[in-house]
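Open the model in your viewer and keep the selection box handy. We'll go stop by stop, with something to pick at each one.

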Amino acid sequence: MDDRIWNLIRPEVRALESYRVGIPPHRIKLNQNESSIELPDSIKEEIVERLRVVPWSRYPRQARSELGAALREALDLPEEIEIVTGNGSNELIQALFATVLGPGEKIVVPVPTFLLYRQFAAILGAEVVDVLLDADLGYDAERIIEAIGRTEAKAVVFARPNNPTGTSIRIEAVERLLENADALVVVDEAYGEFADDTVLTLLPRYANLVVLRTFSKAFRSAGLRIGYLLAHSVLTEQVVKVLPPFNTGIVSCEAALSIVRHRALLRPGLEQTLAERDRMVEALEGIRGITPVPSEANFICFRTEKPPRSVFDRLLDRGILVRDISGYPLLADCLRVSVGTSDENRTFVTALEEIMEER
Ligand code: PMP
């Protein structure tokens, strides 16, 4: 019977490895680029109050359109740009790919990057065309444009800032892609709030630009599962057909609505994270055998002269969980650490210092 079931599964799916992040026991969690700072209680209380009064018995409608309107206002979006909300930005990436990519069709992916792009493309039977970042983990727009042209790719996707490197493609380079590549340019700004600039400003001018954002990082709500996609209506109208109806429920929509309305309360936490990140980069630069990569996000990729897996294990012995990214191309000597609270970061830096001193 098992064989029979196995044979029913599409080969594309059978060949995949499950995207599950193993979470061993730990004291300090710095492995998933979440916020270590919780939402303010005042926001949580307002959310609970709102949930008491909205009907739970009906399919969500109101909350979702109010959320769209609140986001539109917060981002000062021009009329021609549409917003689609999703169950985390992951769901939107999946729906977008399913809208555009068929079996055998190509998508260009500058690597190393977020693994789900490859996963979602593979499920559709689409082909990923890798373009390696430069040795310093920077982007070469000309090589990306060349790869799109050569393979007749329908899309290119990258995170800006990029996970797991923390580096970013320059906005002028994104514009060159938008002008010169005959393809959809998908920019995942999951970490966009931590960066100095955003491609949102380019949206009105380019119908081939799609931007993805999330409440999981700077908005401290990874547990809620809320993301949004921004593009011209020619695209969003089609993505909406691919998404399940009522994909975002009242809990996440009402919560997101309160968070957007009170976003000014999140500003100090964001500033703190940026200051902590810069302090951490400086501290890492002072540790012998460690070289941090300059980061524009809420995490830091760093090279270690000791084997990364053993450094990961020694950190975990002390209860500190980071991410081993040494299996990614160009990152064989790297680990990634999320920026936590000042206490968490200090504990991490001290532990790493001790581990690097050990013989
Ligand atoms: N994009 C990138 C580049 C990410 O690193 C992550 C989080 N790991 C996501 C998207 C996922 O976002 P969400 O929680 O909104 O699904």
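**Stop 1: the N-terminal end**

Select Leu 8: its relative accessible area is 54%, so it counts as exposed (over 50%; buried is under 20%, and partly exposed is in between, with a 1.4 Å probe and protein chains only). Leu 8 sits in helix H1, residues 2-8. Helices here are DSSP runs of H or I with at least four residues, strands are E runs of at least two, and both are numbered from the N terminus.

Before going on, note that this is a predicted model, where local features need pLDDT of at least 70 and side-chain atom pairs count only at pLDDT 80 or more, while totals for chains, interfaces and linings use all residues. Residues are numbered from 1 along each chain as its sequence is written, and side-chain values use heavy atoms, leaving out hydrogens and water.

Now add Met 1, Ile 5, Ile 9 and Val 13 to Leu 8, and you have a nonpolar surface patch of about 470 Å². Patch members have over 30% relative accessible area and no salt bridge; nonpolar side chains (Val, Leu, Ile, Met, Phe, Trp, Tyr) are joined within 5 Å, and like charges within 9 Å. The areas come from the Shrake-Rupley method with a 1.4 Å probe, and for residues only the protein chains shown count as cover.

**Stop 2: salt bridges**

Side chains of opposite charge can pair when their charged atoms come close. The rule used here asks for a side-chain nitrogen of Lys or Arg within 4 Å of a carboxyl oxygen of Asp or Glu, and it gives 29 salt bridges.

Pick Lys 29 and Glu 34 to start: their closest N and O atoms are 2.8 Å apart. Lys 29 is partly exposed at 24% relative accessibility, and Glu 34 is also partly exposed, at 28%.

Next, select Glu 105 and Lys 154, a salt bridge with an N to O distance of 3.1 Å. Glu 105 is in the loop between helix H5 (88-100) and strand E3 (106-111), and Lys 154 is in the loop between helix H7 (141-151) and strand E5 (155-159), so the pair ties together parts that are 49 residues apart in sequence. Glu 105 is partly exposed at 29%, and Lys 154 at 34%.

Then try Arg 143 with Asp 140, which meet at 3.6 Å, N to O. Arg 143 is partly exposed at 34%, as is Asp 140 at 28%.

For a bigger selection, take Arg 314, Asp 317, Arg 318, Glu 354 and Glu 358, which are linked in a network of salt bridges.

**Stop 3: helix H6**

Select residues 116-123, helix H6, where Leu 116, Tyr 117, Gln 119, Phe 120 and Ala 121 are buried. What covers them? Among the elements are H5, E3, strand E4 (127-132), E5 and strand E6 (184-188), with contact meaning heavy atoms within 4.5 Å. Step just past H6 to Gly 125, where phi is positive at about 75 degrees.

**Stop 4: backbone oddities**

Most residues other than glycine have a negative phi, and most peptide bonds are trans. Here are some exceptions to click on.

- Val 111 and Pro 112 are joined by a cis peptide bond, with omega about 5 degrees; Pro 112 is in the loop between E3 and H6.
- Asn 163 to Pro 164 is cis too, with omega near 15 degrees; Pro 164 is in the loop between E5 and helix H8 (171-180).
- Glu 152, not a glycine, has a positive phi of about 55 degrees. Find Glu 152 in the loop between H7 and E5, exposed at 67% relative accessibility.
- Phe 246, not a glycine either, has a positive phi of about 55 degrees. Phe 246 is in the loop between helix H9 (233-242) and helix H10 (250-261), and is partly exposed at 30%.

**Stop 5: helix H13**

Finish with residues 342-357: H13 has 16 residues and reaches 23 Å from first C-alpha to last, close to the 22 Å expected at 1.5 Å a residue. That expected span is 1.5 Å times one less than the number of residues.

Which residues of H13 are buried? Color Glu 344, Asn 345, Phe 348, Val 349, Ala 351, Leu 352, Ile 355 and Met 356. They cover an arc of only 165 degrees around the axis, so they lie on the same side of H13; the arc is taken from the directions from the helix axis to the C-beta atoms. Rotate to the face turned away from that buried side, and there are the exposed residues Asp 343, Arg 346 and Glu 357.
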